[in-house]
Amino acid sequence: MAFTAFSAAEQKVDESARKRSPIALFLLLPGVLFLVLFFVTPLISLVLTSLQEPVPGGFFGEYRQALNWQNYVFVLETYGVQAARAFGYAALASLFALLIGFPLAYFIGITLRRFPLLQALALVLVIAPFFISFLLRTLAWKQIFAIEGPVAGLANAIGLLGPGESITGTAFSVVFGLTYNFIPFMTLPIYATLERLDLRLVEAGGDLYANPATVFRTVTLPLAAPGVISGTLLTFIPASGDYINASRDFLGSTETAMIGTVIEANFLVLQNYPAAAALSIVLMAVILVLVAIYVKRSGTEDLL
Amino acid sequence: MRGFGKYAIWVYSGIALVFLMIPIVYTIVFSFNDSRRTNIIWRGFTFDNWLNVCDAQDVCQAFGNSILIAVSATFIATVLGTMIAIALVRYRFRFRNTTTLLIFLPLTTPEVVLGAGLAAQFLQAGVPKGLGTVIIAHALFCISFVIVTVRARVAGLDPALEEAGRDLYGSPQQVFWRVTFPLLLPGIIAAALLSFALSFDDFIITNFNRGAEVTFPSFIYTAAARGIPAEANVIASAVFLLAILLVIIAQVGAAIRRRQRANA
Amino acid sequence: MSNSAVSPREFAEAGADLELVGITKRFPGFTAIDDLDLTIPAGSFFALLGPSGCGKTTTLRLIAGLEEPTDGRILIGGKDVTDTKAYQRPVNTVFQSYALFPHMTIIENVAFGLKRRGVKDAQKLAHAALQLVELDHVSSRRPSQLSGGQQQRVALARAVVNRPALLLLDEPLGALDLKLRRQMQVELKDIQSEVGLTFLHVTHDQEEAMTMADTVAVMNKGKIEQMGAPQELYELPRTAFVATFLGQSNLFTGEVVSSNAESVTVDSQGAPIVVPKDRAARHSGTITVGVRPEKVTLSTGAVAESAGTNILGPGRITDVSFSGVSTQYEIALPGHSTITVFEQNTSISRMHRDGDEVWLSWSAEHTFGLADEGDVEHDAPRFVDDTPTTSIATRRRAQLKAELEEG
């Protein structure tokens, strides 16, 4: 399954089994050209755009190429809060998704091993959210949390929510929505590693005087690490760039705007392309640094 | 204590699964709502929305666009991705690490960056946005998923099978189409279905590159401010039920086959 | 916590007695172990031998604490450990699959148990254990970088380093090739005499059990059929199962027709077969007697009757297979099931041929009498040996045919 993308990237294939052939070029060329044309050059475009300056006396949204580093200073000063918020929300959502997704993956991959039909059905339930519109699901939460709704009523009754206050439009509801939407992305890669876990290793741990908690910490968790890494990245990366949950038409408000929100606004509404591009580069750079540190630290040494 | 521990994971996971289902059930239930303009408050049960989906013309139009985009993007991504996957496993070539990085990077790039990057490029190149640009954008983010999925399948394929094909007088083309391709097909189909689902549900990348075209998700995004017609719920529910039916058939079939094999 | 004599926190000074009292284990649909009583004295090398599915692995898992018995008690060193968990028992297992932790280095694997018990010098002790199995030079590698034989030795070191009161071995040599097996057998014996632990070895390989253990218990359908020193089991099997699972036997069922102070005589299809009374489990009625194939001599002419010799014949040779040291003959005798005879290929003996008419004779004192009732010779379902002595080519062909039919 593609959800093991990040751990699968490390799999080794016997180098000697491969051969050189012109066929390789034929197979690679179209796809690689496509990726270069529509992935690499756009990134370069973004870098270039991020350094543009407005045409003096030009039309709205008209820019020319320059080396205008001030764009970065501008976006960091203006949108630093949104950027920090995006990474904060994404980190929280990843943490909550892990807290829900890991036990769920353990349950499906290990507890349900003896019940193959039940296991298959539980797996279908985890995949199910992929098949119904992301936006409609998020809207459904908004309506469930609505002021007249049952959840708000309950929260009012037990004093969690003051009268007239709303659940939606808060940091809580945005992180809640992000968590909900990315639980399957967290659960599936962890499930994929736990499903392959050799239970005899767990037994061996018990045989060697480790109590269940120690076995979990020293055997199960390290062996599930590739799945946890994969799942965390698959959750954190899209969550940090998301602006649907944070949108005020969905679970957010102007107080919850994330970096994606301001990139979209600058690009599509304000037509401030250099600012949008600079923000994108900042987002991309932070994520690449985080991914590199994360993969390197957990890939070479044990996670815990 | 031990009994309680065993019990706890069943309860916890059960609650988590129910939690995952809540908005899905909500969406399906509200596809039967006898709503007028907005579909927020329950006004009674009706089949009207299901029977007359295309009364809401804009919804149907958006749905048609989404299907067209998803099919085209899936086709491009599956063909190109499968070719790369085979090359990665089977052949030696220079710049191998660079190629791997090129495939890995789109997976670590947030959609908003992919979308903005493409939009910036189309802008600079003066390409007008439309269905074509959306298809390219979708094929781009699907291609890495296809490669990862199909590569696993190719890596699991015994090279001796192809050698046997050649040994039995098969030409390279015959061996590919009669031996390799049929064995890769389940992986390719899985990759194509994944691409279709990703493309059909994508909003962010689409939004940067759609111009004036409306897809199903972008329709919902725009309509969210004023209220979503129940017909949108109908389409989402129908797609969901169809997909889930296919998955259940495949999963249950696989489980039954596993059990038969275990008992044999 | 457990109140066992040997707390898992301390090293065992010596092996401890293991006692199983009335152990029963039922799984949904079948009973794996049925009211098993077994005592293994401290310091012994005990082998539990049986075909796959006989309950021997379940017994091992019960002792290790990986399964809970449906009924009965388990005592180690006189203390009841039935209700303690695996990690609380002074027992270690060498798993059939080795179960080495793939994410740890060899030394981390070996030191794992010591660290869990908070033993000081865990590293030093682990290195010493690796030296014992001559693998200290690979201590920083991962299990996947080692060969099967090396992994097996690491698994052994990982268990032995904890000085458990009882060491359980679950077919640990099964995956090794012949040469490595021999080497490991010797190594295991050495380690056992060096550290003086109680070893419980579970295997389906009769040769492995007989060469290594001081005491062998043959297990079948969740019960112990017979227990004793390997030689005793071979020379004097008590049941048809033991007689055919442990080596091969020719069995004859008949009525006891006469008896005197030393022996009884059985009528087998008209031929008298004499068995010494102290070698027969039962002395009257219908009994089954037997003789090992290598004890039987073939003659081309009629053999003169003499006291103390059992004679059958004439029969016809239906199959001859030459295996270097000896030759195996299959002989059809009217009224009897096929008889197997091994003859040493010494220079004076000459080969018989397929179709030859032969007489069989053996010394009466080599005959044994079984405890089984009924006509074991003809009625008993023929037991399928896990390691049959049919030629490998024939076996392989049968396997292939079976696979073809399945597919």
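Q: Hi! In what order do the five strands of the open sheet in chain C come?
A: Hello! In this predicted model, the order is β13-β12-β11-β14-β20, and the pairing is antiparallel.

Q: Which strands stand at the edges there?
A: Those are β13 (271–276) and β20 (368–369) of chain C. Each has a single partner strand, so one side of each is left without a neighbour in the sheet.

Q: And what holds strands of a sheet together in pairs, generally?
A: Strands pair through backbone hydrogen bonds, either parallel or antiparallel.

Q: OK, how many bridges are there between β14 and β20 of chain C?
A: Two, in the antiparallel sense; β14 covers residues 286–291. In one pairing, C:Gly290 has C:Phe368 of β20(C) as its bridge partner.

Q: Switching to chain B: where does UniProt put the "transmembrane region" annotation?
A: The unreviewed UniProt entry gives residues 7–29, 67–89, 101–123, 135–154, 175–200 and 234–256 of chain B.

Q: What does the model show for 67–89, helix or strand?
A: That span of chain B is 100% helix and 0% strand, with its end C-alpha atoms 32 Å apart. Residues 101–123 of chain B are 91% helix and 0% strand, and there the end C-alpha atoms lie 27 Å apart.

Q: Nice. How many residues does each of chains A and B put into their contact?
A: Chain B gives 76 residues and chain A gives 83. On the side of chain B that touches chain A, the largest share comes from α11(B), with 14 residues.

Q: Is that side of chain B mostly polar or nonpolar?
A: Its residues divide into 58 nonpolar, 12 polar and six charged.

Terms used
Residues are numbered from 1 along each chain as its sequence is written. Chains are lettered from A and ligands numbered from 1 in the order in which they are written. This is a predicted model: local features need pLDDT of at least 70, side-chain atom pairs count only at pLDDT 80 or more; totals for chains, interfaces and linings use all residues. UniProt positions are given in the numbering used here, feature names are shortened, and annotations may be inferred rather than shown by experiment. Helices (H or I, at least four residues) and strands (E, at least two) are DSSP runs, numbered from the N terminus. Two residues are in contact if their C-beta atoms, placed from the backbone, lie within 7 Å. Ala, Val, Leu, Ile, Met, Phe, Trp, Tyr, Cys and Pro count as nonpolar, Asp, Glu, Lys and Arg as charged, and the others, Gly among them, as polar. Two strands pair if DSSP finds at least two bridges between them.
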